[in-house]
Amino acid sequence: MPRALVVEDDPAVQMALVHALRGLGLVTQAVSTAAAALQGAAATEFDVVVLDLGLPDLDGTVALTMLRSVSNAPVIVATARGDEESVVRSLNAGADDYIVKPFSSKHLAARINALLRRSRPSTRIGAPGDMIDLGELQIDLSRRRATLGDKTLDLSRREFDLLAYLAQRHGCVVSRRELCEAVWDQVSISDDRTIDVHMSWLRRKLGETAAEPRYLHTIRGVGYRLAEPE
Ligand code: CA
């Protein structure tokens, strides 16, 4: 059974998180300080860590960096609404995803499931011949072909690379920086709009708009997320 670690100092939120995670079938342990989290993560291998950024003993980003040094577990940071700067910092510090408080347990479950899918080797995708199936959207990685319903998408090399990269991490937020490194193979492309322009082309080919996204979601100031429509 997969194991989860909840790091949250607010007792009510902690209890709700534990309840939600146990409901997902995860063996769940909870702590209220960064120090206890580091100790726990060093002692036990977790499949996912839910980390509150506002802990009493350590700044959330520092806690995350230290956690990263003792554990490979995917980390989802829980943050207060509107705290965009700390979300960006924590994604840069190695968080795999974030969730804004207050959140429903249904929302949390979707994020956790996406993280677990992504991190479990048995379901990891990307080997030659692999297909990614996201509802109507299907991506054939080895043949570099994407179809939406019965229509083959006419994608440029870059657009396909972007789509494939996001699809392999579906459900998770991918930062612009990560996309730059992975798809453009460079740390920072001089014009930030390059990614946005390619994304808008890709979005148009998916037959959707930024205002009414179905698959491709823009997370302002952070990056993008590809997810199967609910
Ligand atoms: Ca807190």
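**Figure 1. Helix 3 against strands 3 and 4.** In this predicted model, helix 3 (residues 60-70) lies across strand 3 and strand 4 (75-80). The helix runs at about 175° to strand 4.

**Figure 2. The open sheet with parallel pairing.** Strand 3 and strand 4 belong to an open sheet of 5 strands, whose order is 2-1-3-4-5 and whose pairing is parallel. The edges are taken by strand 2 (27-31) and strand 5 (97-101). Each of these has a single partner strand, so one side of each is left without a neighbour in the sheet. On average, neighbouring strands of this sheet are turned by 20° against each other, direction ignored. One of the pairs is strand 1 with strand 3, joined in the parallel sense over 4 bridges. Val7 stands opposite Leu51 in strand 3.

**Figure 3. The calcium ion and its donor residues.** Three residues coordinate the calcium ion at 2.2 to 2.4 Å: Asp9 (OD), Asp52 (OD) and Gly54 (O). Along the sequence, the spacing of these donor residues is D-x42-D-x1-G. Asp9 and Asp52 link distant parts of the chain, being 43 residues apart. Asp9 sits in the loop between strand 1 (3-7) and helix 1 (11-23), and Asp52 is in strand 3 (residues 48-52). Is each aspartate buried or partly exposed? Asp9 has 32% relative accessibility and therefore counts as partly exposed. Asp52 counts as buried because its relative accessibility is 6%, under the 20% limit for that class.

**Figure 4. The open sheet with antiparallel pairing.** A further open sheet has 4 strands in the order 6-7-8-9, and the pairing here is antiparallel. Strand 6 (131-134) and strand 9 (151-152) are the edge strands, each pairing on one side only. Strand 7 (residues 137-140) pairs with strand 8 (residues 145-148) in the antiparallel sense over 4 bridges. The bridge partner of Asp140 is Arg145 in strand 8. Helix 6 (residues 157-168) lies across strand 6, strand 7 and strand 8. To strand 7, helix 6 runs at about 105°.

**Figure 5. Helix 6 packed with helix 8.** Two packed helices are described by the angle between their axes and the distance between the axes. For helix 6 and helix 8, the angle is about 80° and the axes are 10 Å apart. Helix 6 is therefore roughly perpendicular to helix 8, as angles of 65 to 115 degrees fall in that class. Helix 6 contributes Arg158, Glu159, Leu162, Leu163 and Leu166 to the contact. From helix 8 come His198, Met199, Trp201, Leu202 and Lys205. By class, this contact of helix 6 with helix 8 has 6 nonpolar, 1 polar and 3 charged residues.

**Figure 6. Helix 7 crossing helix 8.** Helix 7 (residues 176-184) and helix 8 (residues 193-205) have axes that come within 10 Å and cross at roughly 80°. The two helices are therefore roughly perpendicular to each other. Which residues of helix 7 and helix 8 meet? On the helix 7 side they are Arg176, Leu179, Cys180 and Trp184, and on the helix 8 side Thr194, Ile195, Asp196, His198 and Met199. The residues of this contact divide into 5 nonpolar, 2 polar and 2 charged.

**Figure 7. The hairpin of strands 11 and 12.** Strand 11 (residues 216-219) and strand 12 (residues 223-226) pair in the antiparallel sense over 4 bridges. Together they form a hairpin, with 3 residues between the strands. Ile219 has Gly223 in strand 12 as its bridge partner. In the turn, Gly221 has a positive phi of about 80°.

How values were computed:
Residues numbered from 1 in each chain as written. Predicted model: local features only at pLDDT ≥ 70, side-chain atom pairs only at ≥ 80, totals over all residues. Heavy atoms only, no water. Donors = N, O, S within 2.8 Å, 3.2 Å for Na, K, Ca; no water. Buried < 20%, exposed > 50% of the residue type's maximum accessible area, 1.4 Å probe, protein only. Pairing = 2+ DSSP bridges. Axes fitted to C-alpha atoms, helices over the stretch in contact; angles between N-to-C directions. Contact = heavy atoms within 4.5 Å. Parallel < 35°, antiparallel > 145°, perpendicular 65-115°, else oblique. Nonpolar A, V, L, I, M, F, W, Y, C, P; charged D, E, K, R; others polar.
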